[in-house]
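Please open the structure in a viewer and keep the selection tool at hand. The tour below proceeds stop by stop, stating at each one what to select and what is found there.

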Amino acid sequence: MARPTPATVPEERREGAGFASRRAGDRCLVLWFPGWPVTAWALSEGEDAARPVAVVSANRIVACSPEAAAEGVATGQRRREAQSRCPSLLVLPADEARDNREFAQVVESVERLAPGVQVVRPGVCALRARGLSGYVGTEAEAAEVLLEAVVVALGPTSGRVGVADGMFTALQAAYAANPVGIVPTGSAASFLAPLPVSRLGDESLTTLLPRLGVHTLGDFAALDAAAVRDRFGQQGLRLHIQACGQDPSLVQPRVPPPELTRQLDFEPPLALVDQVAFTSRAKVEEFIGALTAAGLACTELRVELTGELDELVARTWLTPGVFEPAAVIDRIRWQLQAAAGGQLNSGIVSLRLEPVAVDALVNHVPGLFGSGTDERVHHVLSRVQAMLGHDGVVTPRIGGGRWLAERQVMVPWGDRPVLGTPAERPWPGRVPDPLPAAVFAEPRPVQLQAKDGEAVRLDDRGQLCGQPSVLRVGEERLAVAGWAGPWPIDERAWDPARHRSASRFQVVDDAGTAWLLVLQAGRWWAEARYD
Amino acid sequence: MTLSELPRTELLARLRAQVAVKEARIRQAPFPVHPELAALLPDGGLRPGSAYSLTGAGALLLALLAEPSREGHWCGVVGMPDFGAEAAAQAGVALDRLALVPEPAEQWLATTAALLEALPIVAVRPTGRVSEGDAAKLMSRLRDREAVLLVDGPWPRAEAQLSVSNLRWSGVGVGYGYLSSREVTVTVSSRRSPLRRSARLVLPTPNGRMAAAVAVEPVSGLRAVG
C-alpha cells in the first residue's frame, strides 16, 4: 500500500484553504453531556444516577456513569467484561427515543438564553458563540451561563462546553474541557495536532491511518490535501479539512416546534360546568386552529383542570377521528361532571389543553365524494355521546374472567380498550356454551325454594339441601321444571379483597326460560337469563 | 319493428320487465338473514326502510343481527343494558361493528333516530309506550336511510311480528346435566300476508347459533348414566 507522499501543490489548487479567512470570527460553542443515555434514563425514570450504571447497545457499552467508569467500565466494552469489572453494575438497554426526548429539555433551556441551537446528537448541541458571548461579556462567561441554565432546568449534570473555530474543534475542546475549554481564534490546528486520529470518527479511516504511520490529527493534517483526496476521496478530504482546524460546517439552527399547548386561567374561579365550557370556547377554537394551521389533526388530547384548592383533574381522551372544537368542549364538560364532588371541591382556576398524539391533517380530510361508512358512524356515535355523556355509547370487548358480567368489557366509544386479562386462557369454572343472551350488569336477588317453602341451601359438604321447586324473581313465582348444579367457583383465595366463593346453578322454569343462578354466602342471585 | 307493432301480450311482458328492472335499481336488496328465517320472512330478509317487532328477543335478536353484521354492516343496540355481548359474538355478530347505547332513558327515541343516520341495523327496546306519532317520525327516517329497525316489544307500524314460543331446553334434567340447546317455534305474522308462517328451530344450538330442528322420535324411559 503506497503511502501518500507530501507534495507541494500550488496555493490556488488547495481546496478548503479559503475557509479560515472567509469565516474568521464565526465561533462555535458546543455543549456536551458525557454519558447522556445514563442521564436521560435517570431523568425519565426519576432515578439516581450516582451509582454504577451502563447503557448497552448490541452487547457493547455505549455510556456509563462516572461511578461505573471509576470501577473500570469503559465505552466499547462487552457487557460481560463490564459486569466482571463491576459486579454491581446496573445494565440498561439503549433507548434512542428516551435520549432524544429528555435532551429536548436541555435544548429548551439553552434556547431560552440563545436562539439558533443545533442538536448534533442526543447529548451534544451547538450554537454560534458570537451573540451570547457578546451579550454576556466573554466566551468563558457565556459558557458558564449556559451550564448554569441547564443545571437550573435539570438538576446537577456534568455538562462540558467547548468554544472554538468550527464545530469539530469545539467538540474536541468540549471533550478536553473541565468544564469549559476555549480554543483561541486561529489556534485550532495546534490544539487538534496532538489528538489521536480516532477522534475523526470514521471507522475505516481511523483504523487505516495508524497502520500508515499517521497517529495524530497533526500528522494527518500535515499530509497534502490533494494526495488525501486522491487516496481517500471526498470523505477523506472532508476529514482532512477538519483535522486542519478548518471545519467548514456551519451551525444549522433548528426551528423550534410551534407551541401547541394552550392554557387558560379563570379569574375569578368558575364554579359551574356551563361557565367553564362557555368561557373556554374561544381558547379551544384557538387551540384547534393552531393545530390545523400546523397541518396537524389531534387524535389524543390531555385536558388538565386545576381547582382553587390546587386539585388537579387530568385525563387523556382519545377519538377514532379528529378532535373538533365542539368535541373538545364536550370532553371538558364530561371531565368536570365526573370529577365534581369527588376529586374537585372548588372553583376552576385554570384549564390546560395538550395534544398528546397528532396525525397529519391530510389523513383526516373528508373525501371529495363524501366520507366512508366508518366516518359517518363515528360522527353519529359522537353526536349521541354528546347527548348522553361519554359512557353513553359503548362497544363491547370480551376479556377474561369466570363471571359473565366481568368478561364483557364495555369500552366507551373512542377509548382504547383496556382488557385486564386475556379471554383465551382456560378459565376453569366459566359457564359452558351456549351462553345466555341477557347478562345482568348487577346480579338480581332471587329466591329458590323447595316444595315446603324453605330456601334451598348447600350444606358444609357442598351438597344441596332440598329439591328446588319454586323460583321467585321479584313478585313472580316460577315453577322449576329442571335444574343442574351446583358448580362451585372459588377464585383468588390469596387476595382477601377479591376472593369470591360461590356455586352456580342452571334452572329452567315451566315456561321454558332458563336462568343462571349463583348461590353466594347463603343468598341467591340471578347472574343471567337464557332468553 | 317498433313497440307499437308488437303483439299485445309481448308488449306487456316487455314493459313489465322494464318496470321490474327500474324498481330493482331503486329498491335496495333486503338484508340477509339465516336461511331458516328467510323462509318465514315476507321478502326473504329484512326489508330496508321497515321495522320488525319481536316478542321474546334475546337469542332471536342475536340471530337476526348476525347475518348483516357478518356482511360488514354496523349494528346498533339501544336500551338493552343486559345485552349479552359474548353470546352475540358466539351467534356471529362482529363486536367491532356493534355500538351499544345501554341506558338512553327517556332519550331513546332521539338516540335511535340519530343512530339510524349511519347504522343500517338498529335494535331498540323502547321504555314505556310508543305513541303513533313517535313511530311515524322514526318510520320516515327509516325509509329515508333505508335502514332496518328491530323493536323488542310491540310497534304500531311493524312490517312483521316475530315471536318465539314453545321453548324446550335440552341437556338439563332434574339435578343433572347442563343446558345444551333449545328448540323453539318462531312464528312470523306479516302485515302483507294474512297467513302466519312458523317453523321449529334450534335457537341456540350448543355453539350459540341457529339451526333447523330435526324431528327426533322421543326416547322415553332412558337416561344417560355413568
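Begin by selecting strand 10 and strand 11 of chain A, which form a hairpin with 4 residues between them. In the turn, A:D310 has a positive phi of about 70 degrees in this predicted model. The two strands of the hairpin, strand 10 and strand 11 (residues 312-318) of chain A, run antiparallel and are joined by 7 bridges. To see one of the pairings, select A:L305, whose bridge partner in strand 11 of chain A is A:V313.

Keep strand 10 (residues 296-307) of chain A on display and add strand 12 (residues 348-360) of chain A; this pair is antiparallel as well, with 11 bridges. Here A:V303 is a useful residue to select, as its bridge partner in strand 12 of chain A is A:L353.

The next stop is the barrel of chain A. Select strands 15, 18, 19, 20, 21 and 22 of chain A, taken in the order 15-18-19-20-21-22: these 6 strands make a closed barrel with antiparallel pairing. From one strand to the next, the twist averages 45 degrees. Within the barrel, look at strand 21 (residues 514-520) and strand 22 (residues 523-530) of chain A, an antiparallel pair joined by 7 bridges. A:L516 has A:A528 in strand 22 of chain A as its bridge partner.

Now turn to two helices of chain A. Select helix 6 (residues 129-136) and helix 7 (residues 139-154) of chain A, which pack with their axes 8 Å apart at an angle of about 100 degrees. How are helix 6 and helix 7 of chain A oriented to each other, roughly parallel or roughly perpendicular? An angle from 65 to 115 degrees counts as roughly perpendicular, and helix 6 and helix 7 of chain A are therefore roughly perpendicular to each other. To display their contact, select A:A129, A:L132, A:S133 and A:V136 in helix 6 of chain A, together with A:E139, A:E141, A:A142 and A:V145 in helix 7 of chain A. By class, this contact of helix 6 with helix 7 has 5 nonpolar, 1 polar and 2 charged residues.

Move on to chain B. Its secondary structure comprises 6 helices and 9 strands, and 41% of its 226 residues are buried. Of the contacts in chain B between residues at least 6 apart in sequence, 60% join residues at least 24 apart.

Show both chains to view the interface, where 47 residues of chain B are in contact with 42 residues of chain A. On the side of chain B that touches chain A, at least two residues each come from helix 3 (59-70), helix 4 (85-91), strand 3 (98-101), helix 5 (108-116), strand 6 (160-172) and strand 7 (177-190) of chain B. Which helix of chain B gives the most to this side? Helix 4 of chain B does, with 5 residues. The residues of the side of chain B that touches chain A comprise 29 nonpolar, 13 polar and 5 charged.

Finish at B:A118, in the loop between helix 5 and strand 4 (121-124) of chain B. Is B:A118 buried or exposed? B:A118 counts as buried because 22 C-beta neighbours lie inside 10 Å, and 20 or more are required. Leaving aside neighbours within four places in sequence, B:A118 is in contact with A:R376, A:V377, A:H379 and A:V380. Lastly, select B:R145: B:A118 and B:R145 are 27 residues apart in sequence, and their C-alpha atoms are 8.0 Å apart in space.

Technical notes. Residues are numbered from 1 along each chain as its sequence is written. Chains are lettered from A and ligands numbered from 1 in the order in which they are written. This is a predicted model: local features need pLDDT of at least 70, side-chain atom pairs count only at pLDDT 80 or more; totals for chains, interfaces and linings use all residues. Two strands pair if DSSP finds at least two bridges between them. Axes are lines fitted to C-alpha atoms, for helices over the stretch in contact, and angles run from 0 to 180 degrees between N-to-C directions. Two residues are in contact if their C-beta atoms, placed from the backbone, lie within 7 Å. Ala, Val, Leu, Ile, Met, Phe, Trp, Tyr, Cys and Pro count as nonpolar, Asp, Glu, Lys and Arg as charged, and the others, Gly among them, as polar. A residue is buried if 20 or more other C-beta atoms lie within 10 Å of its own, exposed if 12 or fewer, and partly exposed in between; C-beta atoms are placed from the backbone. Angles under 35 degrees count as roughly parallel, over 145 as roughly antiparallel, 65 to 115 as roughly perpendicular and the rest as oblique.
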